[in-house]
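Colleague: Could we go through this model together? I should like to discuss its pocket and a few individual residues.

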Amino acid sequence: MSALPRIAVLASGRGSNLQCLLDGIAGGRLQAQVVGVFSDRPGAAALEKVPPAQRWAHAPRDAGSREAFDAALGDAVAACAPDWVVCAGYMRILGAGFVQRFERRLVNIHPSLLPLHKGLHTHARALEAGDAEHGASVHFVVPELDAGAVIAQARVPVLAGDTPDTLAARVLAVEHPLLLATLRLLVAGRVTEQAGTVLLDGQSLFSPLRLDSHGTLNA
Ligand code: GRF
């Protein structure tokens, strides 16, 4: 049997998306292994989800410069020889050096229907914009923030009376199956990226895959 694909996870916060991957692996729904969790916040709850030997966490201010932090993070990630690097609630912008080092195997989950609402406070901004729908996207990471090719999306309705918190909770509930389903395709080698275009089984996708209510991605 060949070795399981190796996933490194970058996380800054509570780690519910990481937990979803760990549960998927434990339940036999994701044929992979999480080999390390990396954080810019030494107190991040996400770190507690893996054994101490798999944790790396440093406060960026201790590194001296953005480049030094990115280099240290990159060295630590590279040391665990990941096939995939997944940003799951990683709240720090990755420098171009890091992004290039893990090009085409670096993905992020972002809580909006990209290209709408790049950056922070996406739920409040979707409400302010009067969007009828909101959701989450998994995309390849490029140096420009939240601008890489989008692999897959999950949509939720915006309801009357929503607050940023109620909307965030509805989106988070679809982020988990979205991330799991996308990782299943990635580790199986079915999704790749070429010149800014996502390919599924070698065919260009003209729009992101869409998560259905069964947790399945459809073209
Ligand atoms: C998620 O909404 C993710 O999309 C965003 O930050 C949140 C992280 O949640 N970038 P968790 O740490 O995975 O629970």
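Modeller: The following exchange takes up the pocket, the annotated site and some backbone features.
Modeller: This is a predicted model, in which local features need pLDDT of at least 70 and side-chain atom pairs count only at pLDDT 80 or more, while totals for chains, interfaces and linings use all residues. Residues are numbered from 1 along each chain as its sequence is written, and side-chain values use heavy atoms, with hydrogens and water left out.

Colleague: How much space lies in the largest pocket?
Modeller: About 910 Å³. A pocket here is an open set of points on a 1 Å grid over the protein atoms alone, where a 1.4 Å probe fits, with protein on both sides within 12 Å along at least five of seven lines; lining residues have an atom within 4 Å of a point.

Colleague: Which residues lie nearest its centre?
Modeller: Gly89, Tyr90, Met91, Ile109 and Pro111 do, out of 39 lining residues. Helix H1 (16–26), strand S5 (106–110), helix H4 (122–128) and helix H5 (164–187) each give two or more residues to that lining, and H5 gives the most, with five. Helices (H or I, at least four residues) and strands (E, at least two) are DSSP runs, numbered from the N terminus.

Colleague: Which residue does the "active site" annotation cover?
Modeller: The UniProt annotation, from an unreviewed entry, covers His110; such annotations may be inferred rather than shown by experiment. His110 lies in strand S5.

Colleague: Is His110 buried or exposed?
Modeller: His110 has a relative accessible area of 4%, so it counts as buried (under 20%; exposed is over 50%, partly exposed in between, with a 1.4 Å probe and protein chains only).

Colleague: What is His110 in contact with?
Modeller: Beyond its neighbours within four places in sequence, its contacts (heavy atoms within 4.5 Å) include His117, Thr122, His139 and Asp146. A polar atom of the His110 side chain lies 2.8 Å from the backbone oxygen of His117.

Colleague: Turning to the backbone, where is the cis peptide bond?
Modeller: The cis bond joins Leu114 and Pro115, with omega about 15°. Pro115 is in the loop between S5 and H4. His121 is also placed in the loop between S5 and H4, and has a positive phi near 55° although it is not glycine.

Colleague: What about Asp146, which His110 contacts?
Modeller: Asp146 has a positive phi of about 55° and is not a glycine. Asp146 lies in the loop between strand S6 (133–140) and strand S7 (150–157). Asp146 is buried at 9% relative accessibility, whereas His121 is exposed at 62%.

Key
Points joined across faces, edges and corners; volume = space filled by probe spheres on them. Polar contact = N/O pair within 3.5 Å; in protein donor to acceptor, adjacent residues only side chain to side chain.
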